[in-house]
Amino acid sequence: QMQLAESGGAAVKVGESLKLSCATVGGTAESYCMAWFRQVPGKQREGVATTNFRRPRVYSTAYHDSVKGRFFVIRSNGGNIMDLQMNALKPEDSAMYYCAAGAGTHCGLETADYNTWGQGTQVTVSS
């Protein structure tokens, strides 16, 4: 069964950039929706960015309004790696970031669209 492994989380300062990476393990996501979510304690998991990849290319991407123009999602390695480039980071971007994958055709920003999740990687932005 395919698993997801995130990396790249760190503690950074306001305005800095950071790149998260998610790789599939034990399977391929070449025809999967993949997305980044984030969650802070006491709040629901929030969709940040999503990609609809149907080999050989990305057909669409979508972003949460709060990250548009600052975050960019990139699929590579036949769709099996998904990076999240985060620029101009703000304190409110601090959260545990999760990678998710789903085999459906609707690549939304809702948790119900995904059935495979990574363990998460922590991002902390301080002033």
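## Exercises on a predicted model

In the hairpin formed by β7 and β8, 4 residues lie between the strands, and N77 adopts a positive phi near 55°. The coordinates come from a predicted model, so let's work through them with that in mind.

**Exercise 1. Find how β7 and β8 pair, and sort the residues of β7 by face.**

*Step 1.* Locate the strands: β7 covers residues 71-76, and β8 covers residues 81-86.

*Step 2.* Look at the pairing. The two strands run antiparallel and are joined by 6 bridges. As one example to check on screen, F72 has Q85 as its bridge partner in β8.

*Step 3.* Now sort the faces. Side chains in a regular strand alternate between the two faces of the sheet. In β7, the covered face holds F71, V73 and R75, while F72, I74 and S76 make up the uncovered one.

**Exercise 2. Trace the salt bridges that join R38, E46, R70 and D93 into one network.**

*Step 1.* Start with the total: the whole structure contains 4 salt bridges.

*Step 2.* Take R38 and E46. Their closest N and O atoms are 2.8 Å apart. With a relative accessible area of 7%, R38 is buried, whereas E46, at 29%, is partly exposed.

*Step 3.* Go on to R38 and D93, whose side chains meet in a salt bridge at 3.0 Å, N to O. This pair links distant parts of the chain: R38 belongs to strand β4 (residues 33-39) and D93 to the loop between β8 and β9, 55 residues apart. Both R38 and D93 are buried.

*Step 4.* Add D93 and R70, with 2.8 Å between the closest N and O atoms of their salt bridge. Because D93 sits in the loop between β8 and β9 and R70 in the loop between β6 and β7, the pair ties together parts 23 residues apart in sequence. Both of these residues are buried.

*Step 5.* Put the pieces together: through shared partners, the salt bridges connect R38, E46, R70 and D93 in one network.

**Exercise 3. Decide whether T24 is buried or exposed, and list what T24 touches.**

*Step 1.* Place the residue: T24 is part of strand β3, residues 18-25.

*Step 2.* Apply the cut-off. Buried means under 20% relative accessible area; T24 has 15%, so T24 counts as buried.

*Step 3.* Check the polar side: the T24 side chain reaches the backbone oxygen of G27 at 3.2 Å.

*Step 4.* Leaving out residues up to four places away in sequence, T24 touches M2, Q3, L4, A29, M34 and N80.

Conventions:
Residues are numbered from 1 along each chain as its sequence is written. This is a predicted model: local features need pLDDT of at least 70, side-chain atom pairs count only at pLDDT 80 or more; totals for chains, interfaces and linings use all residues. Side-chain values use heavy atoms; hydrogens and water are left out. Buried means under 20% relative accessible area, exposed over 50%, partly exposed in between (1.4 Å probe, protein chains only). Two strands pair if DSSP finds at least two bridges between them. A polar contact is a pair of N or O atoms within 3.5 Å; within protein, one must be able to donate a hydrogen and the other to accept it, and residues adjacent in sequence count only if both atoms are side-chain atoms. Contact means heavy atoms within 4.5 Å.
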